[in-house]
Amino acid sequence: MKINLAKSAGFCFGVKRAINIAFDTAETKSPIEMLGDIVHNEEVVKEIEKIGIKKVGKLTPDGNKILLIRAHGAPLKTFQIATRLNYQIVDATCPMVKEIHKIAQDSEKKGYRIIIIGDKKHNEVQGIAGQLKEKAIIIENIRNIPIKKSKNILRAAVVVQSTQNLEKTLAIVAILKKHIKELKFFNTICRPTRMKQQEIRIMPKKNDVMIIIGSKTSANTKRLYEIAKSLNRRSFWIQSKKDLKPDWFKNIKSIGITAGASTPDSTTNEVIQYIRKDSQQAL
Ligand code: SF4
């Protein structure tokens with residue numbers, strides 16, 4: 001049985017960078033807080049807690065603390081409140097997310113209404129919307145395009161959550177173009193996501209079974225799974241080796257494996273190890 005691991009499997013550049021910043025900051029020994037999880041992965045979150053970085057629900061005015069901004073970024077309001085409450089800010093926002101902030105802000109200054117294609121509740125999308133003066137229009141999928149509202153907009157600029165599905169995004173943009181006179185589209189899906197999506201469009205067709213590793217809270221893993229499942233119904237989304245079922249590997253010649261942008265290599269390696277050794281014994 002051949003195991004084919006995607007070249008793009010695992011941590012993306014932005015997540016690696018944010019984790020390194022977290023570890024470096026922890027060495028200062030100052031109290032460090034973070035609003036939410038550093039990335040959507042339980043293993044990584046545990047590691048971060050172990051080095052003393054505390055996840056908090058809100059900022060409090062009790063002493064000189066560090067606020068670590070996560071890879072997804074944060075709204076401007078968070079920076080303002082943290083500064084007012086005397087926090088020292090360490091900003092681990094991914095540079096590719098920063099780029100989306102800049103495009104959205106510049107376009108707004110030029111008079112464009114900002115449309116964000118992405119998951120409304122996702123921190124990255126809230127962070128992008130939170131850079132703007134006007135309320136952004138957020139479109140999650142082709143079914144919730146506000147057609148009536150769009151017809152009243154003369155000029156709009158579209159930016160995209162970095163981990164969105166390109167095909168779905170292009171379908172939404174095509175509809176918006178029919179209703180908005182001047183529409184500028186910035187494809188801000190980041191390079192690591194594009195690479196992952198390119199591979200996941202090929203691998204499920206070339207392998208008998210496809211395994212996608214990542215937390216159930218990870219949006220980019222979910223998208224990888226959705227694409228894989230549409231191409232090969234023997235695609236399975238697992239969080240760790242514990243979710244593997246020996247049945248999946250009966251009478252097959254090859255397994256494709258990929259992992260979301262917040263899945264550590266250690267989890268992926270354990271899965272590969274299990275499939276290579278333990279599952280063979282179980283069969
Ligand atoms: S998925 Fe892309 S934008 Fe998001 S942290 Fe990774 S590299 Fe940055």
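**Entry 1: Aromatic pairs.** I began with the term itself: two rings of Phe, Tyr or Trp pair if their centres lie within 6.5 Å. The model I consulted is a predicted one. My search of the whole structure returned three aromatic pairs.

**Entry 2: Tyr 225 and Trp 237.** I looked up this pair and found it tilted, with 5.6 Å from centre to centre and 40° between the planes. The pair links distant parts of the chain, for Tyr 225 belongs to helix α9 (residues 219-231) and Trp 237 to strand β11 (residues 235-238), 12 residues apart. I then checked exposure. Tyr 225 has a relative accessible area of 21%, so I recorded this residue as partly exposed. Trp 237 has a relative accessible area of 15% and is therefore buried.

**Entry 3: Phe 236 and Trp 248.** I noted that the ring centres of Phe 236 and Trp 248 are 3.9 Å apart and that their planes meet at 5°, so this pair is stacked. Here too the pair links distant parts of the chain: Phe 236 is in strand β11, while Trp 248 is in the loop between β11 and β12 (254-259), 12 residues apart. I found both Phe 236 and Trp 248 buried. I also recorded one aromatic cluster, formed by Phe 236, Trp 248 and Phe 249.

**Entry 4: Charges over rings.** Which ring lies beneath the charged end of Lys 216? I found that this charged end sits over the ring of Trp 237, 4.2 Å from its centre. I looked up Arg 155 as well: its charged end sits over the ring of Tyr 112, 4.2 Å from the ring centre.

Note on methods. Residues numbered from 1 in each chain as written. Predicted model: local features only at pLDDT ≥ 70, side-chain atom pairs only at ≥ 80, totals over all residues. Heavy atoms only, no water. Phe/Tyr/Trp six-rings, centres within 6.5 Å; stacked < 30°, edge-to-face > 60°. Helix = DSSP H or I, 4+ residues; strand = E, 2+ residues; numbered from the N terminus. Buried < 20%, exposed > 50% of the residue type's maximum accessible area, 1.4 Å probe, protein only. Lys NZ or Arg CZ within 6 Å of the ring centre and 35° of its normal.
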